[in-house]
Amino acid sequence: MKTFEYFKPTTVKEALELLREYNGKVALLAGGTDLAVMIDDGMVAPDYVIDVKGIEELGGISLEKDYLRIGSLVTFSEILHSDVVKINAPVLFEAAKTVASVGVRNRATLVGNICSSVPSADSAPALLVLEASVEIEGKERRMVPVEGFFTGPRKNVLAKDEIVLSVKIPTEKRKYGANYIKFGRYEGEDLAQVGVATFVSADLEYRVAFGAVAPMPVRAKKVEEFLKGKALTDELLEQSVPLALEAISPISDVRASKEFRQYLSGVLFKRSLRASYDRLNGSGPSYGTNLV
């Protein structure tokens, strides 16, 4: 393993100064569940590691006037145990429940999950249908919608001298139902073969997002427009499947063939959308129920 120099700043300002000083030869460490594996496998070889766990302002879950804020040090276990999340973003709670194992969830952070930017990130489809934004600090502070955050497999808009402060989720004033469903080869620390998140509001706005079946997590805008304003029937659900699948471009890998992913995406899309619609109308499975 390549050796590196280790820093543990206590403020965002100090962390940013280190990022600028060492100019891209740096890795940020929060939970470390991805970084440790990548260093061990030789996928990355930083000269410097900046451990941000000591930066107090990066922690915490809080409900502000117009949004739910989740700090960049918040772990998936914290999300699972947060009543604020369960009440205001239950689909994120549902997605967090599917992440790896208890041990990983105790360390892995929501922000780390999206910053790794793998196509199969479990939190990404849920954040997409919640229309969350990423709060970034660098030369100036900026807000980037999650939909515009990913740029490709393991790629995103973060500059080398920037750090994510939090994820902000708009508080939804309308009644709605949502769902995240994941299919993997087995329970535990397996990545998704397909992940689907859906959202239906009381005024029949639909949102649909896929993970693990495109170069990055994606919204299915064409099917959203087709469904908008329509009550969900079995016939409409069947008609919507081909439009939903236009958003994806699955590949074959060690976890599944592209043909299986294509077929499975349609099955999970229908199951997820039906669950969201039923939840909107006061029935359907409780959040966190495994629908696979």
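**Strand pairing, helix packing and buried positions in the predicted model**

Strand 11 (residues 176–183) pairs with strand 12 in the antiparallel sense over 8 bridges. This arrangement is taken from a predicted model. Within the pair, Phe-183 is placed opposite Val-194 of strand 12. Strand 12 also pairs with strand 13 (residues 206–211), again in the antiparallel sense, here over 6 bridges; in this second pairing Phe-199 stands opposite Arg-207 of strand 13. The hairpin formed by strand 12 and strand 13 has 4 residues between the strands, and Leu-204 in this hairpin adopts a positive phi near 65 degrees.

Strand 12 (residues 194–201) is largely enclosed by the rest of the structure, because 8 of its 8 residues are buried. In a regular strand, side chains alternate between the two faces of the sheet. For strand 12, one direction is taken by Val-194, Val-196, Thr-198 and Val-200, and the other by Gly-195, Ala-197, Phe-199 and Ser-201; all of these residues are buried.

A further set of 5 strands forms an open sheet with the order 4-5-10-6-7 and antiparallel pairing. Its edges are strand 4 (61–63) and strand 7 (142–145), each of which pairs on one side only. From one strand to the next, the twist averages 25 degrees. Strand 6 and strand 7 run antiparallel and are joined by 4 bridges, with Val-134 standing opposite Val-144 in strand 7.

Helix 1 lies across strand 6 and strand 10 of this sheet, and runs at about 125 degrees to strand 10. The helix comprises residues 12–22, of which Val-12, Ala-15, Leu-16, Leu-18, Leu-19 and Tyr-22 are buried. These buried residues lie on the same side of helix 1 because they cover an arc of only 160 degrees around the axis. Lys-13 and Glu-21, on the other side of helix 1, are exposed. The packing partners of the buried residues are strand 1 (5–7), strand 2 (26–29), strand 3 (48–51), strand 6 (133–137) and strand 10 (163–170). Asn-23 follows helix 1 and has a positive phi, near 45 degrees.

Strand 6 also contains Glu-135. With a relative accessibility of 7%, Glu-135 falls under the 20% cut-off and therefore counts as buried. The side chain of Glu-135 makes a polar contact of 3.3 Å with that of Arg-141. When neighbours within four places in sequence are left aside, the residues in contact with Glu-135 are Arg-69, Arg-141, Arg-142, Met-143, Ile-163, Val-164, Leu-165, Ser-166 and Lys-168.

Another buried position, Gly-288, is located in the segment after helix 12 (258–280). Its classification follows from a relative accessibility of 16%, so Gly-288 counts as buried under the same 20% cut-off. Excluding residues up to four places away in sequence, Gly-288 touches Phe-93, Glu-94, Lys-97 and Arg-279. The C-alpha atoms of Gly-288 and Leu-127 are 16 Å apart in space, while the two residues are 161 residues apart in sequence.

Notes: Residues numbered from 1 in each chain as written. Predicted model: local features only at pLDDT ≥ 70, side-chain atom pairs only at ≥ 80, totals over all residues. Heavy atoms only, no water. Buried < 20%, exposed > 50% of the residue type's maximum accessible area, 1.4 Å probe, protein only. Helix = DSSP H or I, 4+ residues; strand = E, 2+ residues; numbered from the N terminus. Arc of directions from axis to C-beta. Contact = heavy atoms within 4.5 Å. Polar contact = N/O pair within 3.5 Å; in protein donor to acceptor, adjacent residues only side chain to side chain. Pairing = 2+ DSSP bridges. Axes fitted to C-alpha atoms, helices over the stretch in contact; angles between N-to-C directions.
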